[in-house]
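Visitor: I am new to this structure. Could you walk me through it and tell me how each description is justified?

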Amino acid sequence: MKKTVFLGALTVAGLAAGLVSAGTLDDVKARGKLNCGVTTGVPGFAEPDANGVWQGFDVAVCRAVAAAVLGDNMAVEFVPTTGKTRFTALASGEIDLLARNTTWTMSRDVDLKFEFVGVNYYDGQGFMVPASLGVSSASELDGATVCIQTGTTTELNLADFFRANGISYEPVPIETGSEAAQLFLAGSCDVYTTDRSALAAQRANFPNPDDYVVLPDVVSKEPLGPLVRHGDNDWGDIARWTLNALITAEELGVTSDNIAEMSAGTNNPEINRLLGTEGTLGEMLGLDAEWAKRAIMSGGNYGEVFESNIGAATNIGLSRGLNAQWKDGGLIYSPPFR
Amino acid sequence: MSDTPNIGFVRHEPIPPSAPPIQQAGVVKWIRENLFSNWINSILTILSIYFVAKIILASTPWMWNGVWTTSSLRECREVLQGTSGACWSVLVERWNQMLFGFKYPVEAYWRPTLTFGLLLVCIAPILFQKLPRNMLMFSAIYPFLAFWLIWGGTLLTPVVVALSLIAGYLAFVKMERLTGFATGLLTGVVAVALVLYLGSFVTAALPEFIALEPVASRDMGGFMLNLILGTVCVSLSIPLGVVLALGRQSNMPIIKGICVVFIEFIRGVPLITLLFVANVVLSYFFPPGTNLDLILRVIIMITLFSAAYIAEVIRGGLAALPRGQYEAADSLGLDYPQAMRLIILPQALKISIPGIVNVAVGLFKDTTLVSVISMFDLVGMIRGPISSSTAWTGIYWELYLLAILLFFVVCYGISQYSQWLERQLRTDHH
């Protein structure tokens, strides 16, 4: 039996190699599960809990899309990927959506043939040093040894930053964030650099957090967002507007608490369009009218997702900063639902 | 002058041997000979004692002080109040993830546990010749039973595979008697395929027949994954290695060429490259949804890798046999398969056992490399989900100590067995 399946798979592979990305929505519906690529673990962004259930800020995007498309936010098959395997997993069709704190860069968008559907977290690369080093700015780090994760944009930004400032450094390449933190604590490097959100998360769990400071310099733009393959724009639209629905819900004050009440109909037409009581926005996506309502109910609106996973009340303790709504001086902005 | 000479004392029994000087006996002698025989050894001994004492003095309070009941590293630190102590709570909370991976259904943990227990029963008659030979019947059934227990699904799937193999064997035996080895082998393969094809209708019709809850390969993880990869790959690569070793010695240029190229290519490539090929490159050849199982791809790659090494070990065994053994087989009128099966291989494999065990231990430890292709084996679980979780990020020693313990028990066991086996097989009686 196995052998026939295998031979059949080989034949189909030959025939269907050119049709890889046709109709992702239909594939997902037929499968009944969304295959979503996540990290192998970044605190607050994606991590399985003690019961093996994935939790986190990036995970919430996967769950919202699954809720919108399949009506069940648990119908997600999480595929853990590393920095090196994430893009091939998406390109080969092993996953439908990659929500793995991936920086939106031009070459990834254009050359690697992916489509970033938005930004769910605006990050920037920062530096953490022991307070005893007495450094107040990154430009004073001449000759420092720097712990850095390989295969990431931070590695390239670091080289750019030090070259632009005409100072030298010695990189200590490391595979995962937790190993980097351990080496930094052990004094193997003077500086630990990565996205500032990750720095904050790591520092929160240090034995003596006050002995370490995150320098004020932000040396790069790291817009992190979910992405899909080039070539299936319908599927890209669904992912993009699911994310936008979460953002718009926060802007309009739709929360997981009041959504039941609001979906009965309000006097704000945009809320009504969002929640499907007016207009045909869901139909345009090839989904039903309540798609956005389900997405929002899966984990709350953007602000709720932020606060419950990485917000000030959690161990990670990140403030909204750039990730506040545009009305509050941040960059989080969704095109209108019209 | 009849006085007898005045002999004051005549000794009637020999002087009892006096105890050896204190420096030449017992513990003192052993210490002098083994630890302080000259000044270099004395310095090394003192240094070793210093470092061992330092490690014990540092680690014992840390272990003893350990906290077992908290739910995060932060709480551990609060309980310890700055004193040195381990945070064993992470093991209490996550031991099941380290052993079984984080997605294997909790209510089904008994299945891999039972499979592991039965594994010991299965390999016992293979490892120890003195055990009753009919236990080998169970060893033959075991692979199918293990597949059913771990992956679940209907019992019919492994039964059909087993039946097809039996049919293939029977066909092979019948045809070999009539026409010879090659046609026998061909008939056997045809019989296997035929029974598999017919059986696939039966399994499709009765998917619920004595079925366990199916578990996808993707959900396997932890130490269980290391054990699965280790046992499956070693047991598959030994027959493959034998074939390759014989092929490399063959007189037929094409077969010899294929085997040499295969062995030298695989040995010239790092295992980690092969794993990346299995994970990344192979998935380009399959359309989405029909992906060959990742575990299956990895098993294929590791098996090919270790088969190349085992082939070279066995070739060493074949080369060690005197030429006369080959000639004796020929002069008995045996054909090539018979000569190999009855005369050459039994002796060559016996010589190769230590080498094969060596490859097996190395391979078992190499299975942790799958963590780099985001499979959550024991090391992958530690590096990924556990040490990156909000509650436990920043914890290292406790997790890796458990990993060390688990691997040490298995590898030391294998190594002790191979030493025992060498003593058993020694033919040069002194």
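**How the parts meet**

Guide: Happily! Let us start inside chain A, where twelve residues of domain 1 are in contact with nine residues of domain 2. Please keep in mind that this is a predicted model.

Visitor: What makes these residues of domain 1 and domain 2 of chain A count as being in contact?

Guide: Contact means heavy atoms within 4.5 Å, and twelve residues of domain 1 of chain A and nine residues of domain 2 of chain A are in contact in that sense. The two domains bury about 800 Å² between them, with 54% of it on carbon and sulfur atoms. Their C-alpha centres lie 30 Å apart.

Visitor: Which residues belong to each domain of chain A?

Guide: Domain 1 of chain A is assigned 21–122 + 223–328, and domain 2 of chain A is assigned 125–220.

Visitor: Why are α7(B) and α8(B) called roughly antiparallel?

Guide: Helix α7 (residues 156–179) of chain B and helix α8 (residues 181–205) of chain B have axes that cross at roughly 155° and come within 7 Å. Angles over 145 degrees count as roughly antiparallel, so α7(B) and α8(B) earn that description. Their crossing is right-handed. The residues of this contact between α7(B) and α8(B) comprise 16 nonpolar, ten polar and one charged.

Visitor: How do you know that α14(B) is roughly antiparallel to α16(B)?

Guide: The reasoning uses the angle again. Helix α14 (residues 336–366) of chain B packs against helix α16 (residues 397–425) of chain B at about 175°, with the axes 10 Å apart. The cut-off is over 145 degrees, and therefore α14(B) is roughly antiparallel to α16(B). The residues that meet include Phe364(B) in α14(B) and Phe407(B) in α16(B). Eleven nonpolar, one polar and three charged residues make up the contact of α14(B) with α16(B).

Visitor: Which residues of α3(A) and α13(A) meet?

Guide: Arg63(A), Ala64(A), Ala67(A) and Ala68(A) in α3(A) meet Trp291(A), Arg294(A), Ala295(A) and Ser298(A) in α13(A). That contact of α3(A) with α13(A) has five nonpolar, one polar and two charged residues. The crossing of α3(A) and α13(A) is right-handed.

Visitor: How many residues does each chain bring to the contact between chain B and chain A?

Guide: Chain B brings 43 residues and chain A brings 47 residues. About 3,900 Å² is buried between chain B and chain A, 55% of it from carbon and sulfur atoms. Arg74(B), Thr390(B) and Tyr396(B) supply 15% of the area that chain B buries against chain A, more than any other three residues.

Note on methods
Residues are numbered from 1 along each chain as its sequence is written. Chains are lettered from A and ligands numbered from 1 in the order in which they are written. This is a predicted model: local features need pLDDT of at least 70, side-chain atom pairs count only at pLDDT 80 or more; totals for chains, interfaces and linings use all residues. Side-chain values use heavy atoms; hydrogens and water are left out. Axes are lines fitted to C-alpha atoms, for helices over the stretch in contact, and angles run from 0 to 180 degrees between N-to-C directions. Helices (H or I, at least four residues) and strands (E, at least two) are DSSP runs, numbered from the N terminus. Angles under 35 degrees count as roughly parallel, over 145 as roughly antiparallel, 65 to 115 as roughly perpendicular and the rest as oblique. A crossing is left-handed if the near helix is turned anticlockwise from the far one by less than a right angle, and right-handed if clockwise. Ala, Val, Leu, Ile, Met, Phe, Trp, Tyr, Cys and Pro count as nonpolar, Asp, Glu, Lys and Arg as charged, and the others, Gly among them, as polar. Domain bounds come from an automatic or database domain assignment. Buried area is the accessible area (1.4 Å probe) that two parts lose on being put together, summed over both.
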